[in-house]
Amino acid sequence: MNKNKLHVKTGDTVKVIAGDERGKTGRIVSVNIEKQKVVIEGLNLVTKHTKPSAKNPQGGISKVEAPIHVSNVAIVDPKSGEITKTARRTNSEGKTERYSKKTGEVI
């Protein structure tokens with residue numbers, strides 16, 4: 001299991017840089033640190049067949065967002081709108097903050 005932090009977190013706007021969804025942007029809904037995967041709102045949709053149950057008596061087919069590996073997404077700088085790499089530094093209060101390597105501004 002990998003306990004390292006990832007360069008993205010829930011709520012970040014990211015651009016997919018590899019795979020079937022390449023070039024599309026979206027907001028991160030959830031992050032799985034152990035598997036190093038993220039679920040992006042409205043991207044990488046897969047068809048899921050649901051068996052009829054008490055909660056869903058009809059059953060049927062639904063579209064669900066599948067996870068994408070973290071290495072296939074790049075964070076989008078909120079100010080410039082371009083993709084950027086992130087790094088960490090400590091601010092004046094001693095807290096760790098993420099910042100854009102292109103602009104140097106806190107993300």
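**Figure 1. A close-up of residues 7-34 in the predicted model.** From end to end, the C-alpha atoms of residues 7 and 34 sit 14 Å apart. The span is 43% strand and 0% helix. An unreviewed UniProt entry puts its "domain: KOW" annotation on this stretch, residues 7-34. Isoleucine 33 falls within the annotated range, in the loop that runs between β2 (25-32) and β3. Why does isoleucine 33 count as partly exposed? Its relative accessible area is 41%, and the partly exposed class runs between the 20% and 50% cut-offs. For a sense of distance, take isoleucine 83: 50 residues separate it from isoleucine 33 in sequence, and 22 Å in space, C-alpha to C-alpha.

**Figure 2. The open sheet, strand by strand.** Six strands line up in the order β6-β3-β2-β1-β7-β8, with antiparallel pairing. Which strands sit at the edges? They are β6 (68-69) and β8 (83-84), each of which pairs on one side only. As a general reminder, strands of a sheet pair through backbone hydrogen bonds, in a parallel or antiparallel way.

**Figure 3. Strand β7 and its two partners.** Zoom in on β7, residues 73-76. With β1, the pairing is antiparallel and takes in 3 bridges. With β8, it is antiparallel too, over 2 bridges. Isoleucine 75 is a handy residue to follow here: valine 14 has it as bridge partner in β7, while its own bridge partner in β8 is threonine 84. A little further along, valine 76 faces isoleucine 83 of β8. The β7 and β8 strands make a hairpin with 6 residues between them. In that turn, look for glycine 81, whose phi is positive at about 80°.

**Figure 4. The largest nonpolar core.** Eleven residues make up this one: Leu6, Val8, Val14, Val16, Ile28, Val38, Ile40, Leu43, Ile68, Val70 and Val73. Which elements give two or more residues to the core? Those are β1 (13-16) and β3 (37-40). Nonpolar side chains tend to be buried together in soluble globular proteins. For a view from one member, pick valine 73: leaving out residues up to four places away in sequence, it touches His7, Val14, Lys15, Val16, Ile17, Val38, Ile40 and Ile68.

**Figure 5. The largest pocket and what lines it.** How much space lies in the largest pocket? About 220 Å³. Its lining includes Lys5, Leu6, Val8, Lys9 and Thr10 from early in the chain. Val31 and Ile33 also line the pocket, and this is the Ile33 of the β2-β3 loop. The rest of the list is Arg88, Thr96, Glu97, Arg98 and Ile107. Which strand supplies the largest share of the lining? That is β10 (residues 96-100), with 3 residues. Two of the core residues, Leu6 and Val8, show up in this lining as well.

**Figure 6. The β9 and β10 hairpin.** Strand β9 (residues 86-90) runs antiparallel to β10, and 5 bridges join them. Across that pairing, arginine 88 stands opposite arginine 98 of β10; both arginines also belong to the pocket lining. There are 5 residues between the two strands, and glycine 94 has a positive phi near 90° in this hairpin. Is β10 mostly covered or mostly open? Mostly covered: 4 of its 5 residues are buried.

**Figure 7. Two loop residues with positive phi that aren't glycines.** Most residues other than glycine have a negative phi. Glutamine 36 is not a glycine, yet its phi is positive at about 55°. You'll find glutamine 36 in the loop between β2 and β3. It counts as partly exposed because its relative accessibility is 23%. Asparagine 44 has a positive phi too, about 55°, and sits in the loop between β3 and β4 (45-50).

**Figure 8. Asparagine 56 in the loop between β4 and β5 (60-65).** With a relative accessible area of 30%, asparagine 56 is partly exposed. What does asparagine 56 touch, not counting residues up to four places away in sequence? The answer is Thr50 and Lys51. Asparagine 32 makes a useful far marker: its C-alpha atom is separated by 27 Å from that of asparagine 56, with the two 24 residues apart along the chain.

Conventions:
Residues are numbered from 1 along each chain as its sequence is written. This is a predicted model: local features need pLDDT of at least 70, side-chain atom pairs count only at pLDDT 80 or more; totals for chains, interfaces and linings use all residues. Side-chain values use heavy atoms; hydrogens and water are left out. A nonpolar core is a set of buried Ala, Val, Leu, Ile, Met, Phe, Trp, Tyr and Cys residues joined through side-chain atoms within 4.5 Å. Buried means under 20% relative accessible area, exposed over 50%, partly exposed in between (1.4 Å probe, protein chains only). Contact means heavy atoms within 4.5 Å. UniProt positions are given in the numbering used here, feature names are shortened, and annotations may be inferred rather than shown by experiment. Two strands pair if DSSP finds at least two bridges between them. On a 1 Å grid over the protein atoms alone, a cavity is a set of points where a 1.4 Å probe fits but cannot get out, and a pocket is an open set with protein on both sides within 12 Å along at least five of seven lines; lining residues have an atom within 4 Å of a point. Grid points are joined across faces, edges and corners, and a volume is the space filled by probe spheres set on the points.
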